[in-house]
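Reader: I keep meeting labels such as "buried" and "salt bridge". Can we go through how they are earned?
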Amino acid sequence: AVRPDGSIAVLDASGRVLAGAEVPPVGLPRVDGLESVPDPGKRVRPPQLPEVVAQLPPGLASQVTVITTDETGIILRLVGDLVVRLGDAQNIVAKGAVAEAVIARSRPGTRVVDVRVPTSPVSL
């Protein structure tokens with residue numbers, strides 16, 4: 001996570017700040033859209049953003065470069081600039097599985113996979 005002053009905070013999967021860093025750690029997604037990034041030992045707000053990645057299927061989680069939110073809910077940005085719209089923090093395991101399946105079947109040029117309603121996924 002990036003603090004307002006530009007410094008980097010390394011988080012665990014529960015949203016706890018582990019330490020500061022001078023550069024973002026390689027292989028970990030950046031978490032944007034947090035209300036607060038406290039000192040080490042405390043949890044960020046909202047804590048569900050970092051928790052989302054831990055609930056995703058490993059193949060999908062390994063592709064996440066940025067996790068953020070907007071008025072529609074949680075958004076994942078993947079390697080290659082594909083966007084996955086998850087919506088609220090409910091049913092992340094199911095939404096992740098559906099997103100992974102839709103991505104595997106999507107045509108070249110797909111930019112957005114929307115699984116806010118996992119029983120009715122959309123790819124654009």
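Author: Start with a cut-off: buried means under 20% relative accessible area, exposed means over 50%, and partly exposed lies in between. Keep in mind that this model is predicted.

Reader: What makes aspartate 70 partly exposed?

Author: Its relative accessibility is 29%. That value falls between 20% and 50%, so aspartate 70 counts as partly exposed.

Reader: Why does arginine 85 count as it does, at 22% relative accessibility?

Author: The 22% of arginine 85 is not under 20% and not over 50%, so the label is partly exposed.

Reader: How do you know that arginine 85 and aspartate 70 meet in a salt bridge?

Author: The cut-off is 4 Å, from a side-chain nitrogen of Lys or Arg to a carboxyl oxygen of Asp or Glu. For arginine 85 and aspartate 70 the N to O distance is 3.3 Å. That is within 4 Å, so the pair is a salt bridge. Arginine 85 sits in strand 6 and aspartate 70 in strand 4, 15 residues apart.

Reader: Why is glutamate 35 called exposed?

Author: Its relative accessibility is 60%. The cut-off is over 50%, so glutamate 35 is exposed.

Reader: Which residue does glutamate 35 meet in a salt bridge?

Author: Arginine 45, at 3.6 Å from N to O. Both residues lie in the loop between strand 3 and helix 1, so the pair ties together parts that are ten residues apart in sequence. Arginine 45 has a relative accessible area of 46%, so arginine 45 is partly exposed.

Reader: What makes the pair of aspartate 114 and arginine 116 a salt bridge?

Author: The N to O distance is 2.5 Å. The cut-off is 4 Å, so the pair qualifies.

Reader: Is aspartate 114 buried or exposed?

Author: Buried: its 15% is under 20%. Arginine 116, at 35%, is partly exposed.

Reader: How many salt bridges does a search of the whole structure find?

Author: Five.

Reader: Why does arginine 3 have no salt bridge?

Author: The nearest side chain of opposite charge, aspartate 39, is 4.7 Å away. A salt bridge has to be within 4 Å, so this pair does not count. Arginine 3 is buried all the same. It touches several residues, including Ile8, Val17 and Pro40.

Reader: What makes strand 1 and strand 2 a pair?

Author: The cut-off is at least two bridges. Strand 1 and strand 2 have four, in the antiparallel sense, so they pair. Valine 10 stands opposite alanine 19 in strand 2.

Technical notes: Residues numbered from 1 in each chain as written. Predicted model: local features only at pLDDT ≥ 70, side-chain atom pairs only at ≥ 80, totals over all residues. Heavy atoms only, no water. Buried < 20%, exposed > 50% of the residue type's maximum accessible area, 1.4 Å probe, protein only. Lys, Arg positive; Asp, Glu negative; His and termini not counted. Contact = heavy atoms within 4.5 Å. Helix = DSSP H or I, 4+ residues; strand = E, 2+ residues; numbered from the N terminus. Lists of a residue's contacts leave out its neighbours within four places in sequence.
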